[in-house]
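Reader: I have a structure open on my screen and I'd like to learn how to read it. Could you walk me through it, feature by feature?

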Amino acid sequence: MSAVDRSRLVRCIAITNGKGGVGKTTTTTHLAGLLGLAGMRVLVVDLDPQGNVGEDLGYNAAGLSDDGRALARAMMDDEPPTVLEGVRENVDVLPGGERLDELVAVLDARRRKGDTEAPLALARVLAATPEPYDFVLLDCPPGEPQIQELAMAAARWVVIPYKSDESSRKGLNRVATRIQAAWALNPDLELLGVFLYGTSKGATQIRARARAAIQAVLGENAPLLNTVIRHLEAPAVDIRDRGQLAHELERDVETGPAWYERLRSGVPGPRGPATTAGSLAGDFRDLAQELFALLVAREEEAEAEEATAR
Ligand SMILES: Nc1ncnc2c1ncn2[C@@H]1O[C@H](COP(=O)(O)OP(=O)(O)O)[C@@H](O)[C@H]1O
Ligand SMILES: [Mg+2]
């Protein structure tokens, strides 16, 4: 089969960690929403059979998810994918869900027949979207090795949310192994950054320990970002329940009735979004800015290296 044209994948970023519940999906949806607001065209690919992206972005509740059917179909039949358009400003989505399980069986069969390029199925599909995107964000499942492999064969960059616990460290090991394994088909794949998720901001000791663990697995130069996403359970629950992102909830907090107005009205009424939504929104804005700056710097470095090699 022909090589993949990777021109549409230069800003394809896999958000991954070999562990569940570390903030991969919440990170993906917020980066997408914020990049979209900044005027960039974004495609989110939900590679998780759980389909949580559709909860954060609200299209599951709106009945718009196809449970991963279009995504699985495109990969099985090597066809251009049909995306769910305009989920947010400048954001399209390829929904995930249980249909992705069928895909795993098909990929297994291909591999058993000796098709060494089976893991490139996603890269091919994303290289052939009806229109180009500035960013393609891959929300990875924690397990599902075949799907992880698809993501690693398609992405140019890897971003890892990291919780400072033992199992997160094991998850990191798994990512490191997968990146190396992917180089045979995707030699440009690189780690863009690791950041602490769900810890308190000023926790110097946690940060020092995390840095040591990250460097032990990913090497001395592993980029640990300055941004920390704080543990803020109330807005996190609101995001998933309401299908709204932290910065959208923040706006509702600001424009909705104040607590004393609610109190005076004497009617219990529906609860407003958690007032800490703004803090979480701020953390994600910091993350988006830091990652974008890092990405541009790394791209410039790579270009300079290429120029000297020429
Ligand atoms: N900043 C946060 N603080 C507290 N809980 C959070 C935060 N972000 C997400 N959560 C919650 O943690 C759980 C896992 O988050 P999720 O983004 O789905 O992780 P993953 O995709 O790695 O499984 C979800 O229930 C989510 O609502
Ligand atoms: Mg997830």
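Author: Let's take the ligand site, then a strand, two helices and some loop residues. Keep in mind that this is a predicted model.

Reader: Fine, ligand first. Which residues around ligand 1 come nearest?

Author: Start with the shell, meaning residues with a heavy atom within 4 Å. Here 16 residues surround ligand 1, and Gly21, Lys24, Thr26, Tyr197 and Arg240 come nearest. By kind, the shell splits into six nonpolar, six polar and four charged residues.

Reader: Which helices each supply at least two residues of that shell?

Author: Helix α1 (24–37) and helix α9 (233–242) each do so.

Reader: And polar contacts? Which atoms should I click on?

Author: Look for N or O pairs within 3.5 Å. A polar backbone atom of Gly21 is 2.7 Å from an oxygen atom of ligand 1. Gly23 also uses its backbone, with an N or O atom 3.0 Å from an oxygen of the ligand. With Tyr197 you need to look at the side chain: an N or O atom there is 2.7 Å from a nitrogen atom of ligand 1.

Reader: How much of ligand 1 does the protein bury?

Author: Compare the ligand taken alone with the ligand in place. Alone, ligand 1 exposes 560 Å², and the protein buries 81% of that.

Reader: On to strands. Why is strand β6 said to be largely enclosed by the rest of the structure?

Author: Go through the strand residue by residue, counting one as buried if its relative accessible area is under 20%. In β6 (residues 157–162), six of the six residues are buried, so the rest of the structure largely encloses this strand.

Reader: Which residues sit on each side of β6?

Author: Trp157, Val159 and Pro161 are on one side, while Val158, Ile160 and Tyr162 are on the other; all are buried, and both faces are covered.

Reader: How do I read the pairing of β6 with other strands?

Author: Check the direction, then count the bridges. Strand β1 (residues 12–15) pairs with β6 in the parallel sense over three bridges, and there Ala14 has Val158 as its bridge partner. The pairing of β6 with β7 is parallel too, over six bridges. One of the partners to look up is Leu196 in β7, which is bridged to Tyr162.

Reader: Can the same burial count be used on a helix? Which residues of α6 are buried?

Author: Yes, the count works there as well. Helix α6 (residues 145–154) has eight of its 10 residues buried, so this helix is largely enclosed by the rest of the structure. The buried ones are Gln146, Ile147, Gln148, Leu150, Ala151, Met152, Ala153 and Ala154.

Reader: What about a single helix residue, say Ala281? Is Ala281 buried or exposed?

Author: Buried, because its relative accessibility is 2%. Ala281 belongs to helix α12 (residues 277–309). To see what touches a residue, skip the neighbours within four places in sequence: Ala281 is then in contact with Ala246, His247 and Glu250. Its C-alpha is 8.0 Å from that of Leu245, though the two are 36 residues apart in sequence.

Reader: Now loops. Where is Asn52, and what does Asn52 touch?

Author: Asn52 lies in the loop between β2 (42–46) and α2 (53–56). Apart from residues up to four places away, Asn52 touches Thr25, Asp46 and Arg240. A loop residue can still be buried: Asn52 counts as such at 14% relative accessibility.

Reader: And Lys201?

Author: Lys201 sits in the loop between β7 (190–197) and α8 (204–218). This lysine is partly exposed, with a relative accessible area of 44%. Beyond its neighbours up to four places away, Lys201 touches Val228, Arg230, Asp283 and Asp286.

Reader: Last one: which sign of phi should catch my eye?

Author: Most residues other than glycine have a negative phi. Asp67 has a positive one, near 60 degrees. Asp67 is in the loop between α2 and α3 (69–77), and is partly exposed at 38% relative accessible area. Glu144 also has a positive phi, of about 50 degrees. You'll find Glu144 in the loop between β5 (135–139) and α6, partly exposed with a relative accessible area of 26%.

Conventions:
Residues are numbered from 1 along each chain as its sequence is written. Chains are lettered from A and ligands numbered from 1 in the order in which they are written. This is a predicted model: local features need pLDDT of at least 70, side-chain atom pairs count only at pLDDT 80 or more; totals for chains, interfaces and linings use all residues. Side-chain values use heavy atoms; hydrogens and water are left out. A polar contact is a pair of N or O atoms within 3.5 Å; within protein, one must be able to donate a hydrogen and the other to accept it, and residues adjacent in sequence count only if both atoms are side-chain atoms. Accessible areas come from the Shrake-Rupley method with a 1.4 Å probe; for residues, only the protein chains shown count as cover. Helices (H or I, at least four residues) and strands (E, at least two) are DSSP runs, numbered from the N terminus. Ala, Val, Leu, Ile, Met, Phe, Trp, Tyr, Cys and Pro count as nonpolar, Asp, Glu, Lys and Arg as charged, and the others, Gly among them, as polar. Buried means under 20% relative accessible area, exposed over 50%, partly exposed in between (1.4 Å probe, protein chains only). Contact means heavy atoms within 4.5 Å. Two strands pair if DSSP finds at least two bridges between them.
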